[in-house]
Amino acid sequence: MTKFITYFNLCPIPEPKDFLGISPDKDEGNIITTLGKNIIIVIKISTQKQIRSWSVLEKLSSKVVYDKKSEKYVGVFGSKYLRCWDEGTTDVNKCKKLKFQKYITNLVSCGDDTFVLYVDGSCELLAKALESRKEDANITTAQQLELSNKLSFSNASVFVLANGSKILTYFERNSLNGDYYLVRLPLSENGAELEAPKRFKLSRENLSVTVAGAAVIEGGGVPALLTIWSDKRMFILNLSDDVCPERSPGNFVSVLTQLKVDSPLSVMGISKHFVAIYGANHGQEGASLLLYNTQFKVIKTKQFFKVYFNYSKLWSVNDHIILAMGQNLSVVKYQVLKEVLSELVGTQVSNDYQTSIEIDHINEEDMMEECLQYSKDFQTQNSNEVADADADEAGKPLKIQEADGLTIPYMGVQDFDKELNALRQLHLHVDVVNDSQLDAVHINLMSNHNDAGFSCSEIQLIAQQLERVGASEHEISEKLLTVLMKANLLKDIGVCLRRYTNISEKILSKTLNYILKRYSSASGESNEKGTKVNGIAQEEHMETEGILSRKPSASGNTSEIQDILNTLLACSFDAETIAKCIRQDMEYKEVVIILEHLYNMITSDDMYLEERPALYETSTEYELQLLRWFGVFLNSHFQKLALSKEVALIELLFKWHELFQSYRQEIVELQNVAALLHNVVERRTVAKEKSSSKWYSIEEVYLF
């Protein structure tokens with residue numbers, strides 16, 4: 001599951017055209033921003049605070065980078081000079097200038113190495129470039145100026161291949177004839193060029209289309225070239241060693257219809273299968289930042305902006321996307337978790353996600369290919385498994401006749417029910433749907449055997465339609481739960497929580513708040529029925545201390561709410577994200593109720609959580625899941641819980657304290673057991689304690 005978490009402006013950009021870029025700092029989470037040709041600022045992303053800054057008199061020609069080997073900041077001045085300084089330097093202008101014979105166009109950092117890219121396309125390590133900077137004395141300034149005015153380089157990056165070797169990739173544009181190339185340059189360990197660079201021309205033969213956006217992204221062991229063209233088509237080309245430049249632009253991927261390709265696009269790869277794309281919205285005002293999955297060819301998440309700027313650049317630092325657009329430098333924090341196929345391509349529990357018209361007219365060729373492939377595989381398997389007893393006198397295998405409803409009947413009702421009952425005995429929920437229009441029967445195998453189906457026929461119809469059009473579980477669960485809470489269909493809320501695995505933390509928080517309010521009101525009604533003082537019923541709204549002292553009755557309503565509450569507690573969630581939602585949605589009273597419910601569940605032998613698949617890399621054990629929920633509520637309402645002076649709450653927290661103390665004691669005991677088990681596995685003998693002798697003697701000493 002991939003999504004945007006937060007968005008905020010980092011700092012303003014005085015002149016967008018003079019903004020040279022950003023690079024990672026020595027400390028993780030910090031970035032070096034070269035805001036203008038004279039301003040360098042180091043900013044911490046999480047706090048948005050300035051760590052250090054410098055101003056220079058001479059104009060910078062490239063972004064400033066930090067070289068980890070020399071532990072110094074490196075800047076290029078006037079394309080011919082380098083200055084190196086450390087973090088304690090107050091005046092960069094006093095640092096020594098190092099002159100180069102060749103013009104420098106960019107500095108590229110990769111891990112501990114820093115590479116110097118020259119205007120002629122060659123590349124060297126920084127340390128080697130400082131040693132050999134005076135060797136190219138035969139190069140004239142006129143030649144360098146001609147190359148500098150004619151060629152422009154962008155998006156220089158160093159990639160490490162699976163075998164450990166490195167390659168440098170950058171885009172080269174010729175301002176005279178408009179040619180656009182991607183250059184692939186293999187590098188050795190010392191930064192030298194191993195072979196001649198390969199130049200991939202970004203053009204498509206016999207077509208008057210232009211490149212709207214291009215980037216080099218991570219691929220399967222080798223980087224790949226991703227290009228988006230003015231006809232909305234997207235291509236990918238793997239940049240392996242044996243690839244030919246004639247194969248550019250590569251294989252067709254899909255058509256990008258969500259953005260307007262007439263305007264420039266900013267493209268950047270952020271992970272193995274995800275690409276960030278910024279561009280103008282198609283058919284409406286504003287812009288969008290998309291996360292596109294190249295493996296399943298879907299747009300995973302979007303961030304909308306009110307205004308589109310022609311000038312835009314993208315960078316990726318850890319789990320943050322840095323976006324320079326207009327006069328603002330913005331940060332979008334994203335999260336790439338475990339890839340869920342149903343979330344990426346909309347595959348749901350039902351395979352019948354298209355209507356009959358679409359199957360007959362749109363997917364006609366695909367359906368024919370599948371039938372031919374199935375027939376071929378069936379005949380091959382049949383010929384291998386036919387025994388000698390199944391052959392006729394001529395030695396030829398007998399042809400299997402399929403049922404046609406005339407000479408050979410179809411499967412009878414009894415046989416069908418027999419197979420259906422066999423499936424049900426496997427503890428799998430099977431939903432049989434009769435399609436009256438097509439006169440057919442569809443069998444859907446549900447993912448949760450506790451899923452009894454929606455009791456409301458309208459909700460069942462809405463869920464089936466959303467599944468058929470390919471909506472994701474994230475979208476379906478959010479729409480259904482919102483409607484179910486407004487309609488007060490508590491039982492169907494439990495069905496929705498069981499049926500769909502990928503549920504957003506936002507809707508989980510709202511659903512939990514709704515269930516707790518129903519739980520509180522149901523407990524109050526049960527107390528009102530059983531408790532009266534002088535014939536007067538208790539009030540509906542009780543204080544928190546009274547709620548804690550109440551025990552839910554065994555009525556069907558309260559037990560049903562408890563069952564659905566436990567179903568929600570078994571859902572997967574991200575602790576940091578859901579804590580923010582719970583802080584906004586839930587009140588103090590509901591948090592106290594859930595804390596008591598969690599304690600009763602973790603100390604009771606009768607209560608348990610349902611087993612369900614987990615989306616996050618966390619344990620789904622019963623006690624650990626409850627402890628994770630306890631930590632979420634404690635963090636979301638820590639201040640209110642700490643300032644509360646209610647006796648019932650203090651007693652409840654004291655019980656939790658005793659529970660954690662018992663866990664701590666058990667961990668200490670288990671450490672000793674683990675040590676003994678380790679000795680048993682390693683076949684080590686346990687050293688016996690030396691017993692002191694109990695015998696003693698008394699001697700008489702005569703003093704003279």
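This is a walk through a predicted model, one selection at a time.

**The whole chain**

Start with everything shown as cartoon. You should be able to pick out 17 helices and 32 strands in the protein chain. There are 704 residues, and 43% of them are buried. If you switch on a surface, about 40500 Å² is exposed, with carbon and sulfur atoms supplying 50% of that area. Now think about contacts between residues with a separation of 6 or more: 54% of these involve residues 24 or more positions apart.

**Helix α8**

Select residues 473-487, which make up helix α8. Its end C-alpha atoms sit 21 Å apart, and that agrees with the 21 Å its 15 residues should span at 1.5 Å a residue. Next, colour Glu473, Ile476, Ser477, Leu480, Leu481, Leu484 and Met485, the buried residues of α8. Why do they line one face of the helix? Look down the axis of α8: the buried residues fall within an arc of 140°, so they line one face. The general rule behind this is that an α-helix has 3.6 residues a turn, so residues three or four places apart point the same way.

Step just past the helix to Asn488, which follows α8 and has a positive phi, near 60°.

**Helix α15 and Val632**

Move on to residues 622-636, helix α15. This helix has 15 residues and reaches 22 Å from its first C-alpha to its last, close to the 21 Å expected. Which residues of α15 are buried? Show Gln625, Leu626, Trp629, Phe630, Val632, Phe633 and Ser636. Viewed down the axis of α15, the buried residues stay within an arc of 160°, so they also line one face of their helix.

Stay in helix α15 and centre on Val632. Val632 counts as buried because its relative accessibility is 2%. Leaving aside residues up to four places away in sequence, Val632 touches Phe573, Ala575, Ile578, Ala579 and Ile582. Try a distance label from Val632 to Ala579: the C-alpha atoms are 5.5 Å apart in space, while the two residues are 53 residues apart in sequence.

**Salt bridges**

In general, side chains of opposite charge can pair when their charged atoms come close. The count here comes to 15 salt bridges. Here are some to try.

- Select Arg83 and Glu58, whose side chains meet in a salt bridge at 3.3 Å, N to O. The pair links distant parts of the chain, 25 residues apart: Arg83 is in strand β8 (residues 81-85), and Glu58 is in the loop between β5 and β6. Arg83 is buried at 5% relative accessibility, whereas Glu58 is partly exposed at 30%.
- Select Arg233 and Asp231, a salt bridge with its closest N and O atoms 3.8 Å apart. Arg233 is partly exposed at 34% relative accessibility, and Asp231 is partly exposed at 27%.
- Select Arg498 and Asp563, whose side chains meet in a salt bridge at 2.9 Å, N to O. Arg498 is in helix α9 and Asp563 in helix α12, so the pair ties together parts that are 65 residues apart in sequence. Arg498 is buried, with a relative accessible area of 11%, while Asp563 is partly exposed at 38%.
- Finish with Asp25, Lys26, Arg52 and Glu87, which salt bridges with shared partners join into one network.

**Backbone stops in the loops**

Switch to a backbone view and go to Ser248 and Pro249. The peptide bond from Ser248 to Pro249 is cis, with omega near 10°. Pro249 belongs to the loop between β19 (233-238) and β20 (251-255).

Next comes Gln48, in the loop between β4 (39-44) and β5 (49-55). Gln48 is not a glycine, yet its phi is positive, about 60°. Is Gln48 buried or partly exposed? At 39% relative accessibility, Gln48 counts as partly exposed.

Then jump to Asn318, in the loop between β26 (312-317) and β27 (320-325). Asn318 has a positive phi too, about 55°, and is not a glycine. Asn318 is partly exposed, with a relative accessible area of 46%.

**Last stop: a surface patch**

Turn the surface back on and select Leu670, Val673 and Leu677. Together these residues make a nonpolar surface patch of about 280 Å². Leu677 is part of helix α17 (residues 647-681) and counts as exposed, at 52% relative accessibility.

Key:
Residues numbered from 1 in each chain as written. Predicted model: local features only at pLDDT ≥ 70, side-chain atom pairs only at ≥ 80, totals over all residues. Heavy atoms only, no water. Patch = residues over 30% accessible without salt bridge, like charges linked within 9 Å, V, L, I, M, F, W, Y side chains within 5 Å. Areas by Shrake-Rupley, 256 points an atom, 1.4 Å probe, with all protein chains shown as cover. Salt bridge = Lys/Arg side-chain N within 4 Å of Asp/Glu carboxyl O. Helix = DSSP H or I, 4+ residues; strand = E, 2+ residues; numbered from the N terminus. Buried < 20%, exposed > 50% of the residue type's maximum accessible area, 1.4 Å probe, protein only. Expected span 1.5 Å × (residues − 1). Arc of directions from axis to C-beta. Contact = heavy atoms within 4.5 Å.
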